[in-house]
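The exercises below ask you to read a protein model with care, each one stating a task and then working through its solution. Please keep the sequence and the structure open while you follow the steps.

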Amino acid sequence: MEIIGSQRRPVHIDVVPTLPLYRSAPPLEVRLEDFELYAMDRLRVLKGIADGLSRGKKSEEMKNLADHLWKANMRHPDASEVVNKDIISHFVLRLVYCRTEDLRKWFLSMETNLFRYRLLFKGPETQRALMVEFNLPYRAASNAELESVKEGLKQVAQSFGQPLAADAIFYKVPFEEVPELVAGRRVFIHKGYAYIAMNQVVSLVATQFRSHLSKALILTNRKWTSTIREQEKDRLTPIVEALCSSYLGPDYSQPREFAEISIKDIDQIAKSSFPLCMRHLFEKLREDHHLKHGGRMQLGLFLKGVGLKLEDALAFWKAEFSQRVGSERFDKEYAYSIRHNYGREGKRTDYTPYSCQKIITSAPGVGDHHGCPYRHFSEENLKAALGKMGISNRAVEDVMDKVRNRHYQLACTLTFEAVHGISCDAGINHPNQYFSDSQKVLQSKVHACALCFVPRLQEAYTLKCA
């Protein structure tokens, strides 16, 4: 796969008759912009699958979610390029995620799940064809073999509420080849062999896919460390090293649906619609009349993103800091950085609010209040903060369970759901998204109350007239 500047020749690869198995890098010339964009599109799919699994979605829900994510993100204006995009994006992310054991583990798991869900939409013919592609030597069990284990097969089928069809086809494979089915007690095992039904071949093929990809990631890592990283240090290496931590949503550099907030409303809005990370910073600012640089950046850019104008931002920060350092020192030492964040000083860069990923990976020191409370707070302090938000004890425990498993954004999502009494299927990926979604929920409730009030007012007026 050769990376080129801005154009590439329409070289096409042989299309696997079933699903791509990604055995070797395609003989394609890839534009640098496609290299990154294709990878980001696929990453949205994989991260969506990871989020669904973390939220405990059932198998059928995950299958439909994966299908939706794939159709939404992996399209291409040129239908003939769809397969190319699929394969190119896989190999780019293979390069991105080969670099550490944790990255390899995550990519291996998500790609295997994606492969499995895509295969579930294929028919038995495709599944059998993939068995041939992987050179799997297994044959369908004979009628005589099936008769000898018929009772065991019936018991397994009945445990899942399914009858055993008279013409059912079963493959006889070593039980270690289907660990997922064995762990779920979904197969009958006899003398070291598992009897898997035709509709379970997906698990067998997915295990082979995972095995091949696991070995390929190790080889890719060796190539990356020995040659590619140094050779591409000025071109591809920065992209590769940044992709695994890329935020893939809106940047919220400009206010979205709710164009402005005013200083007079900010305390009420902070209480109702700020995520915990920003609410904590806001309360500490009100309490101490000061924040260190990391806190000022995190809260300041967030406030910019939710619609606090520059003039109001200067007035807001000055009103707090002047109580601690005085107006003159504020004007000298702090006002510049606020104007800088709004693109009015220095390089005139329009800085964007921090995403959840950036906040989670920050490293607050002693006396700092920025960062992600779900990651950086002690368990006791986090429970106390959640309690102040009015969350029930049961919801707090659900949040803490996600925190203990290091699912910090899911913990924030559960907090949002507990505070607002509504499901957030998209999950929380950005503090400004939390604010925007919160305002939508609150405004819809106000609108609903207004609609309920009008008939009552009309009824009261009618009674008065009568």
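**Exercise 1. Decide whether R279 is buried or exposed, and find its surroundings.**

Solution. R279 has a relative accessibility of 9% and therefore counts as buried, where buried means under 20% relative accessible area, exposed over 50% and partly exposed in between, computed with a 1.4 Å probe on protein chains only. The residue belongs to helix α12, which covers residues 276-288; helices (H or I, at least four residues) and strands (E, at least two) are DSSP runs numbered from the N terminus. If neighbours within four places in sequence are left aside, R279 touches A270, K271, F274, K388 and M389, a contact being heavy atoms within 4.5 Å.

This is a predicted model, in which local features need pLDDT of at least 70 and side-chain atom pairs count only at pLDDT 80 or more, while totals for chains, interfaces and linings use all residues. Residues are numbered from 1 along each chain as its sequence is written, and side-chain values use heavy atoms, with hydrogens and water left out.

**Exercise 2. Establish where in the chain the confidence is lowest and where it is highest.**

Solution. Begin with the whole chain, whose mean pLDDT (the predictor's confidence in each residue, from 0 to 100) is 87, with 90% of the residues reaching 70 or more. Next, compare the elements: strand β1 (residues 2-4) has the lowest confidence, at a mean of 57, and α12 the highest, at 97. Finally, look at residues 6-16, where the pLDDT is below 50, although this stretch has 29 contacts in the model beyond near neighbours in sequence. Where pLDDT is low, the predicted coordinates should not be read in detail.

**Exercise 3. Classify the ring pair of F274 and F435, and state which parts the pair ties together.**

Solution. The structure holds 16 aromatic pairs; rings of Phe, Tyr and Trp (its six-membered ring) pair if their centres lie within 6.5 Å, and planes under 30 degrees apart count as stacked, over 60 as edge-to-face and the rest as tilted. For F274 and F435 the ring centres are 6.3 Å apart and the planes stand at 65 degrees, so this pair is edge-to-face. F274 sits in the loop between α11 (266-273) and α12, and F435 in helix α22 (residues 431-465), so the pair ties together parts that are 161 residues apart in sequence. F274 is buried, with a relative accessible area of 1%, and F435 is buried as well, at 3%.

A second pair can be treated in this way: the rings of W317 and F321 have centres 6.0 Å apart and planes at 65 degrees, so they too are edge-to-face. Both residues lie in helix α14 (residues 310-325), 4 residues apart, or about one turn of the helix, and both are buried. One aromatic cluster includes F274, F435, W317 and F321 among its members.

**Exercise 4. Work out which strands pair with β5, and in what direction they run.**

Solution. Strand β5 (residues 193-197) is mostly covered, with 4 of its 5 residues buried. Two strands pair if DSSP finds at least two bridges between them. Strand β3 (residues 170-174) is joined to β5 by 5 bridges and runs antiparallel to β5, with V173 opposite A194. Strand β4 (residues 188-190) is joined to β5 by 3 bridges, again antiparallel, and here F188 stands opposite Y195. With 2 residues between them, β4 and β5 form a hairpin, and K191 in the turn has a positive phi of about 55 degrees.

**Exercise 5. Determine how many disulfides the structure has, and how far C424 is from the nearest cysteine sulfur.**

Solution. With a disulfide taken as a pair of cysteine sulfur atoms within 2.5 Å, the count comes to 0. C424 is in no disulfide, since the sulfur of C412, the nearest cysteine sulfur, is 8.8 Å away. C424 is buried, with a relative accessible area of 7%, and C98 counts as buried at 0% relative accessibility.

**Exercise 6. Compare the settings of Y22 and R406.**

Solution. Most residues other than glycine have a negative phi. Phi of Y22 is nevertheless positive, near 55 degrees, and R406 likewise has a positive phi, of about 65 degrees. Y22 is found in the loop between β1 and β2 (29-31) and is buried, at 7% relative accessible area, whereas R406, in the loop between α20 (393-404) and α21 (408-420), is exposed at 64%.
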